[in-house]
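Student: I'd like to learn how to read cavities and salt bridges in a model. Could you walk me through it?

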Amino acid sequence: MAEDTGASRPTPAGDAPAEYVRGNREGLVSLALDLLAVDTSNPPGDTREVVAAVERFLDPLPVEVERVAVDPAKPNLLVRVPGDADRTLLFNGHLDTVPFDADAWTRDPLGERADGRVYGRGATDMKGAVASLLFALRAFAATDTEPPVDLLFALVSDEEVGGDAGLPALLDAGALDADACVIGEPTCEAGRHSVTVADRGSIWLTLEAAGEAAHGSRPALGVNAVDRLYAAVERIRERFGGERLAIDAEVEPIVEESVAYYAPSMGEAAARELFRYPSINLGVFEGGDAVNAVPGSARAEVDVRLTAGVHTPDVLAGIRECVAGCEGITIADVSWSVGTAEDPEGPLVEAVASTAAGVTGDRVFRRSATGGGDAKKLRNAGISTVEFALGTDTAHAPDEHVPVDALVDNAVVYARLPAAWRARIDG
């Protein structure tokens, strides 16, 4: 993608909001820099100042704004824009970011423009996309354009740590009455564009091992809990890691698109294995307190991921049976989720993919995420949901950045989506 060229592209008739975005790109950049200037690192995740900045931006616009907070330091904003049809399209973005080490940056982590890019913590994940969402909203007002459907914007806190003060609080309160949702999470890397239409299921296990402590000079008099625990983890890997997943027929096209998307960055074989087999990661391993002692206890945390369409409880039942056969090993805690997916040919996916392809001129893959997040929560709440934002693969890294052209193209996509989605709903 060329950076900060300001080049115009052909736009459809009646495309006033998109034209406004392209003609006022400097205002969009300024808004992005204003959001980046506020440190919303989570933890602690205090978003009061940035929410106030968004409220000031929205104040002159003819929109309904509501602040919703279950934690006063982590408020959420709901913005409603009435449209022409009795259907609601939700746009979602989060205002918190991961922390940063300023010494590791060569640019200002609280916002800097250089070389056709906007730098800062959250430039890609995802204050940049939030700025594009807000600017698309302003484009409707500035051009006196009635949206073809009702629009609802949910700007939330507490996402980066998976906390309860953000999107979960809004869902619990029944505040997100929408038919479909687009989350502005970055879904592009290394020049490849995509819309994320699925996520993977997960099993997070805490395993504990009991042994018999002894002096390290006489290991035969003890039972090494670390050895027991590592052997149990290896048994899980051997039993399940090589077992090909039974993928539902409707998810197969998403798997193939996902493999094609990830192959350039990780190799085709690794990409295929990622979605055709469970991924098993030993994330935490604790045991022993001295080199000259046989450890009497140990603890591990294991992360298992499963492609959408796989019934997670069935796999978990197999893991429990496997662990039951390991002497001295117990499952101390477990949490799990089932992967979710949208119809890759459904109205929302078609609208986002075709609109993004029209704006970028490039292929837009309809792929699965490798993990899971707010999209899973929304789908489980009955709201058809995808993720889309142009960006870079610098999220959470030093010198995180987004091209100015990507900010503009995102806002154009978001401005065109309501019409594209309604057209596909109406058939």
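Tutor: Let's take the cavity and then the salt bridges, keeping in mind that this is a predicted model.

Student: How many cavities of 30 Å³ or more does the structure hold?

Tutor: The general idea goes like this: rolling a probe the size of a water molecule over the atoms shows where empty space is left. Here there is one cavity of 30 Å³ or more, and the largest cavity has about 40 Å³ of space.

Student: Which residues line the largest cavity?

Tutor: F91, L133, A136, L137, F140, L151, F153, Y414 and P418. Two or more residues of that lining come from each of α4 (127-142), β6 (150-156) and α12 (404-426). The largest share, four residues, belongs to α4. By class, the lining has nine nonpolar residues, no polar ones and no charged ones.

Student: Now the salt bridges. Where in the chain do R299 and E286 sit?

Tutor: To call a salt bridge, look for a Lys or Arg side-chain nitrogen within 4 Å of an Asp or Glu carboxyl oxygen. R299 and E286 pass, with their closest N and O atoms 3.1 Å apart. R299 lies in strand β13 and E286 in strand β11, so this pair links distant parts of the chain, 13 residues apart.

Student: What separates D426 and R422 in helix α12?

Tutor: About one helical turn, because they are four residues apart in that helix. Their salt bridge has its closest N and O atoms at 3.0 Å.

Student: Which residues are linked in a network of salt bridges?

Tutor: E252, E256, E268, R272 and R276. The structure holds 32 salt bridges.

Technical notes: Residues are numbered from 1 along each chain as its sequence is written. This is a predicted model: local features need pLDDT of at least 70, side-chain atom pairs count only at pLDDT 80 or more; totals for chains, interfaces and linings use all residues. Side-chain values use heavy atoms; hydrogens and water are left out. On a 1 Å grid over the protein atoms alone, a cavity is a set of points where a 1.4 Å probe fits but cannot get out, and a pocket is an open set with protein on both sides within 12 Å along at least five of seven lines; lining residues have an atom within 4 Å of a point. Grid points are joined across faces, edges and corners, and a volume is the space filled by probe spheres set on the points. Ala, Val, Leu, Ile, Met, Phe, Trp, Tyr, Cys and Pro count as nonpolar, Asp, Glu, Lys and Arg as charged, and the others, Gly among them, as polar.
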